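Work through the exercises below with the sequence and the 3D view open. Each task is followed by a stepwise solution.

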Amino acid sequence: MSKVLVIEAHPDTDKFSSSLTLGKTFLDAYQEAHPDDEITVHNVSVEMNYPLNATALAIYHKTIDRKPLSEPEQLFEEGRQKWLDEFISADKYVFINPMYNLFIPAEMKSYFDLVMQVPYTFVYTPEGNPQGVLKHKKAIHLQSAGGFYHGESGHPDLSFLDMADTYVKTILSVMGVTDYQALFVEGMDHEPEHAETIETAAFDKAEELAKTF
Ligand SMILES: Cc1cc2nc3c(=O)[nH]c(=O)nc-3n(C[C@H](O)[C@H](O)[C@H](O)COP(=O)(O)O)c2cc1C
């Protein structure tokens, strides 16, 4: 049995969302293909409130200086530790988001700020290079964008602009998660007349990928 941790970031779950629908299509097919696996889903845009703020920075520096935490800092740290423990114990990760301004939503960045912690998910080598601690895990990134970035159906390859996927892939690899793939549903805002075709193709691909993930 594998533990699958799903991190969605979407502030509005009431309307149709192509990223969340892509995610749901993937997860339904995944569960069907892997009935014994345990899937945990969080939407960090509505569930998680541990930004890298003054409290988080005070904890960071006090931990390095081996100074005691205040009571509010202790509470904050205990809350964060639960999210971190859950991240470390997962076998597979699914990240689901719309692209916002060429990047992931801020709450997903906050989530990575939380889990990117020495010595739990990475360490520094004596030469000062980051080295991943997580082993034998895999990840998939499911992202929706209004424009075309990944050279679909004759559009130019603008993947260098997709800093969202580059970031997710890079930060995971620094933590040791190098078994990584991505699926994009893109261009529906740019070509609304093709939106349905684009989405259907991406949802079909999601069902296929879920079987072997
Ligand atoms: C604040 C905001 C910023 C956006 N930035 C981009 C962007 O940089 N590039 C892009 O292609 N689409 C951008 N979009 C469009 C969304 O990525 C696109 O509509 C996506 O399909 C939304 O996914 P959803 O249906 O899951 O909400 C942006 C949308 C919003 C609301």
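**Exercise 1.** In which loop is N101 found? Then classify N101 by accessibility and describe its backbone and its ligand contact.

*Solution.* The model is a predicted one.
- Step 1: N101 sits in the loop between β3 and α5.
- Step 2: The relative accessible area of N101 is 77%. Exposed means over 50%, so N101 is exposed.
- Step 3: N101 is not a glycine, yet its phi is positive, about 50 degrees.
- Step 4: A polar backbone atom of N101 lies 2.8 Å from a nitrogen atom of the ligand.

**Exercise 2.** Describe the surroundings of the ligand, starting from the residues that come nearest.

*Solution.*
- Step 1: There are 16 residues around the ligand. H10, S17, S19, S144 and D189 come nearest.
- Step 2: Sort the shell by class. It has seven nonpolar, eight polar and one charged residues.
- Step 3: Assign elements. α1 (18–33) and β6 (138–145) each give at least two residues to the shell.
- Step 4: Look at the oxygen atoms of the ligand. A polar side-chain atom of H10 is 2.6 Å from a ligand oxygen. For M99, a backbone N or O atom is 2.7 Å from a ligand oxygen.
- Step 5: Take the area. Alone, the ligand exposes 640 Å², and the protein buries 68% of that.

**Exercise 3.** Which element gives the most to the lining of the largest pocket? Characterise that pocket, then the second largest.

*Solution.*
- Step 1: The largest pocket has a volume of about 510 Å³. It is lined by 18 residues, with Y60, R80, M116, Q117 and V118 closest to its centre.
- Step 2: α3 gives the most to this lining, with six residues. α3 (54–64), α4 (71–89) and β4 (122–124) each supply at least two.
- Step 3: The lining of the largest pocket divides into 13 nonpolar, two polar and three charged residues.
- Step 4: The second largest pocket holds about 250 Å³ of space. Its lining has 14 residues, and H10, F16, S17, S18 and S144 are closest to its centre.
- Step 5: α1 and β6 each supply at least two residues of the second lining. By class, that lining has four nonpolar, six polar and four charged residues.
- Step 6: Cross-check with Exercise 2. H10, S17 and S144 are listed among the residues that come nearest to the ligand, and they are also listed by the centre of the second largest pocket.

**Exercise 4.** Is N97 buried or exposed? List its side-chain partners.

*Solution.*
- Step 1: N97 belongs to strand β3 (residues 92–98).
- Step 2: The relative accessibility of N97 is 0%. Buried means under 20%, so N97 is buried.
- Step 3: The side chains of N97 and H141 are joined by a polar contact of 2.6 Å. The side chain of Q143 makes a polar contact with that of N97 at 3.1 Å.

**Exercise 5.** Inspect the loops for backbone features and chain contacts.

*Solution.*
- Step 1: The V118 to P119 peptide bond is cis, with omega near 0 degrees. P119 is in the loop between α5 (106–115) and β4.
- Step 2: H136 has a positive phi of about 60 degrees without being a glycine. Its loop runs between β5 (130–132) and β6. H136 is exposed, at 82% relative accessible area.
- Step 3: P51 lies in the loop between α2 (44–47) and α3. P51 is partly exposed, at 29%. Its C-alpha atom is 10.0 Å from that of F112, 61 residues apart along the chain.

Technical notes
Residues numbered from 1 in each chain as written. Predicted model: local features only at pLDDT ≥ 70, side-chain atom pairs only at ≥ 80, totals over all residues. Heavy atoms only, no water. Near = heavy atom within 4 Å. Polar contact = N/O pair within 3.5 Å; in protein donor to acceptor, adjacent residues only side chain to side chain. Areas by Shrake-Rupley, 256 points an atom, 1.4 Å probe, with all protein chains shown as cover. Helix = DSSP H or I, 4+ residues; strand = E, 2+ residues; numbered from the N terminus. Nonpolar A, V, L, I, M, F, W, Y, C, P; charged D, E, K, R; others polar. 1 Å grid on protein atoms, 1.4 Å probe; cavity = no way out; pocket = protein on both sides within 12 Å on 5 of 7 lines; lining within 4 Å. Points joined across faces, edges and corners; volume = space filled by probe spheres on them. Buried < 20%, exposed > 50% of the residue type's maximum accessible area, 1.4 Å probe, protein only.
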